[in-house]
Amino acid sequence: MNGFQENLKDAGIKLTPQRLEIFREVAQSGEHPDAETVYNGVRKRLPTVSLDTVYRTLWLLLDLGLITTIGPPRERARFDSNLKPHHHFVCSKCGKTADFYSDELDRLDIPDSVKELGIVEKTHVEIRGICSECAKKKK
Ligand SMILES: [Zn+2]
Ligand SMILES: [Zn+2]
């Protein structure tokens, strides 16, 4: 959280309670929330916040490199406050997206066919499956 405040200060951006709460919501969620989920969480603590503010703040934080998005930036983009190299396990039932780490996957050999498609900036592996919570419900 301290790093977040310093980053905003360095960028010349005022730290408002709304910005702090919106970042906190993304950082604490652990579920890579989309904007509406962030909004619903922040609204519990700051009832006056608007969905518009949440959107604008998320894009601002994204521009500043304080959060990233998963997948192509679209309206239903999901936000990720974890800036360390990591990979995702995505539940195809509930959409929950969990982080995991793997040195091996970080060093994944990129096939030449990919290099022909463009310049590789980062490698991110997405594993799809049924999360343990959904698997439990099934039984
Ligand atoms: Zn699930
Ligand atoms: Zn993540």
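Valine 90 is placed in strand 3 of this predicted model, and with a relative accessible area of 7% valine 90 counts as buried, because the cut-off for that class is under 20%. Across from valine 90, in strand 4, stands threonine 97, and the two strands to which these residues belong, strand 3 and strand 4, pair in the antiparallel sense over four bridges. Strand 3 and strand 4 together form a hairpin with five residues between them, and in the turn glycine 95 has a positive phi of about 80 degrees.

When neighbours within four places in sequence are left aside, the contacts of valine 90 include Gly95, Lys96 and Thr97, and Glu126, Ile127, Arg128 and Gly129 are also in contact with valine 90. Serine 29, by comparison, is 61 residues from valine 90 in sequence, and the C-alpha atoms of serine 29 and valine 90 are 15 Å apart in space.

Strand 4 also enters the description of the metal site. The zinc ion (ligand 2) is coordinated at 2.0 to 2.2 Å by His32, His86 and His88, each through NE2, and by Asp80 and Asp99, each through OD. Along the sequence these donor residues of the zinc ion (ligand 2) follow the spacing H-x47-D-x5-H-x1-H-x10-D. Histidine 86 belongs to the loop between strand 2 (78-80) and strand 3 (87-91), whereas aspartate 99 belongs to strand 4 (residues 97-100), so this pair ties together parts that are 13 residues apart in sequence.

The table sets out the relative accessibility of three residues discussed here.

| Residue | Relative accessibility | Class |
|---|---|---|
| Valine 90 | 7% | buried |
| Histidine 86 | 10% | buried |
| Aspartate 99 | 30% | partly exposed |

Histidine 86 appears again in the description of the largest pocket, which holds about 350 Å³ of space. The largest pocket is lined by 16 residues, of which Lys84, His86, Lys122, Thr123 and His124 are the closest to its centre. Two elements, strand 1 (68-70) and strand 3, give two or more residues to the lining of the largest pocket, and strand 1 gives the most, with three residues. By residue class, the lining of the largest pocket divides into nine polar, four charged and three nonpolar residues.

Strand 3 thus links several parts of this account: valine 90 is placed in strand 3, strand 3 pairs with strand 4 in the antiparallel sense, and strand 3 is among the elements that give two or more residues to the lining of the largest pocket.

Technical notes
Residues numbered from 1 in each chain as written. Chains lettered and ligands numbered in written order. Predicted model: local features only at pLDDT ≥ 70, side-chain atom pairs only at ≥ 80, totals over all residues. Heavy atoms only, no water. Donors = N, O, S within 2.8 Å, 3.2 Å for Na, K, Ca; no water. Buried < 20%, exposed > 50% of the residue type's maximum accessible area, 1.4 Å probe, protein only. Contact = heavy atoms within 4.5 Å. 1 Å grid on protein atoms, 1.4 Å probe; cavity = no way out; pocket = protein on both sides within 12 Å on 5 of 7 lines; lining within 4 Å. Points joined across faces, edges and corners; volume = space filled by probe spheres on them. Nonpolar A, V, L, I, M, F, W, Y, C, P; charged D, E, K, R; others polar. Pairing = 2+ DSSP bridges.
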